[in-house]
Amino acid sequence: MTSLVVTGGSGKAGTAIIRDLIAHGHAVMNVDVVPPKEPLCHFYNADLTDMGQAVDAIRRASGTIDRRRSPLGDASAVIHMAGIPAPSLAPDVTTFQNNMMTTYNVFSAATLFGLPRVIWASSETLYGLPLTRWQPAAAPILETDPLTPESGYALAKGLCEQMATEMHRWNPGTTFVGLRISNIFEAQDYAMIPSFWENPDLRKWNLWSWVDSRDVAQACRLALDAKIGGAECFTIAAADTLMKTTNRELLAHSFPTAKLRDGTGDHDTLLSIAKARKLLGYAPKFTWRTPT
């Protein structure tokens with residue numbers, strides 16, 4: 001059993017992650033400003049934009065105050081999902097400030113107490129989403145393709161990726177795993193998917209990509225033990241697009257200058273998950289085509 005901290009554990013992704021971790025035998029503490037709708041594990045209320053509260057939360061989880069009183073005993077990793085989860089939910093400057101400071105504080109607290117691994121939510125928006133000012137030259141988009149953040153939200157995610165690289169340099173004992181997570185769907189959201197089919201432009205903003213919250217949880221769990229070091233980033237998406245139309249037709253309609261990369265299937269995701277498959281062992285289980 002591993003003891004873990006999940007920040008933002010009361011949110012959509014966080015709840016799925018906690019449920020998955022508990023099902024696999026891990027002890028978990030949820031750190032959030034919002035109490036969870038369902039009490040799955042120990043909850044600790046903390047505003048992670050405040051360094052003192054972030055340090056206190058990780059210290060309590062790590063057992064450095066009193067191991068007998070810690071809800072976890074000795075935390076070995078933090079999964080950082082806290083923050084404003086998408087652009088346009090708040091003024092750009094508010095989103096930027098919140099997500100930068102939350103991440104800086106959590107990264108700092110994790111390295112202060114020597115946690116060996118930090119897994120955190122980066123974003124698909126780094127690829128230029130919503131693809132209005134910039135269009136892809138080829139698809140599926142790879143992690144090595146140019147990053148073109150188009151909002152304060154995306155800019156913060158890109159700077160946090162650089163932050164992870166530098167903090168690992170300062171603290172080589174901590175590995176940082178950033179997950180560039182696609183648009184999260186839950187099981188009840190599958191019903192809206194047919195409404196996208198008649199007009200491909202409705203979802204062209206992220207190349208018709210998506211991911212089930214339970215597959216996000218899988219990726220986080222796999223990242224705990226993956227044999228990687230340093231500061232790595234991975235795209236996390238479903239294996240397929242949201243569309244019945246083929247990829248070749250979708251690109252011809254919405255991005256006619258974009259090349260479809262060799263070996264891409266008719267409905268394969270256009271945000272490549274090949275790196276996550278190879279290094280994390282990530283294998284998306286959920287698809288709207290055969291929902292479970």
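In this predicted model, helices and strands are DSSP runs, numbered from the N terminus, and a strand needs at least two residues.

Q: What makes β6 (138-139) count as a strand, and where does proline 130 sit relative to β6?
A: A strand takes at least two residues, and β6 covers 138-139, so β6 just makes the cut. Proline 130 lies in the loop between β5 and β6. A cis peptide bond joins leucine 129 to proline 130, with omega at about 15 degrees.

Q: Where is proline 140, and what kind of peptide bond joins alanine 139 to proline 140?
A: Proline 140 is in the loop between β6 and α4. The bond from alanine 139 is cis, with omega at about 5 degrees.

Q: How do you know whether leucine 207 is buried or exposed?
A: Check the cut-off: buried means under 20% relative accessible area. Leucine 207 has 0%, so leucine 207 is buried. Its phi is near 55 degrees, a positive value in a residue other than glycine.

Q: Why is tryptophan 208 called buried?
A: Tryptophan 208 has a relative accessible area of 0%, and the limit is under 20%, so the label fits. Tryptophan 208 lies in the loop between β8 and β9, and has a positive phi of about 60 degrees although it isn't a glycine.

Q: What makes the space lined by His80, Met81 and others a cavity?
A: In a cavity, a 1.4 Å probe fits but cannot get out. The search finds one such cavity of 30 Å³ or more, and about 50 Å³ of space lies in the largest cavity.

Definitions and conventions
Residues are numbered from 1 along each chain as its sequence is written. This is a predicted model: local features need pLDDT of at least 70, side-chain atom pairs count only at pLDDT 80 or more; totals for chains, interfaces and linings use all residues. Side-chain values use heavy atoms; hydrogens and water are left out. On a 1 Å grid over the protein atoms alone, a cavity is a set of points where a 1.4 Å probe fits but cannot get out, and a pocket is an open set with protein on both sides within 12 Å along at least five of seven lines; lining residues have an atom within 4 Å of a point. Grid points are joined across faces, edges and corners, and a volume is the space filled by probe spheres set on the points. Helices (H or I, at least four residues) and strands (E, at least two) are DSSP runs, numbered from the N terminus. Buried means under 20% relative accessible area, exposed over 50%, partly exposed in between (1.4 Å probe, protein chains only).
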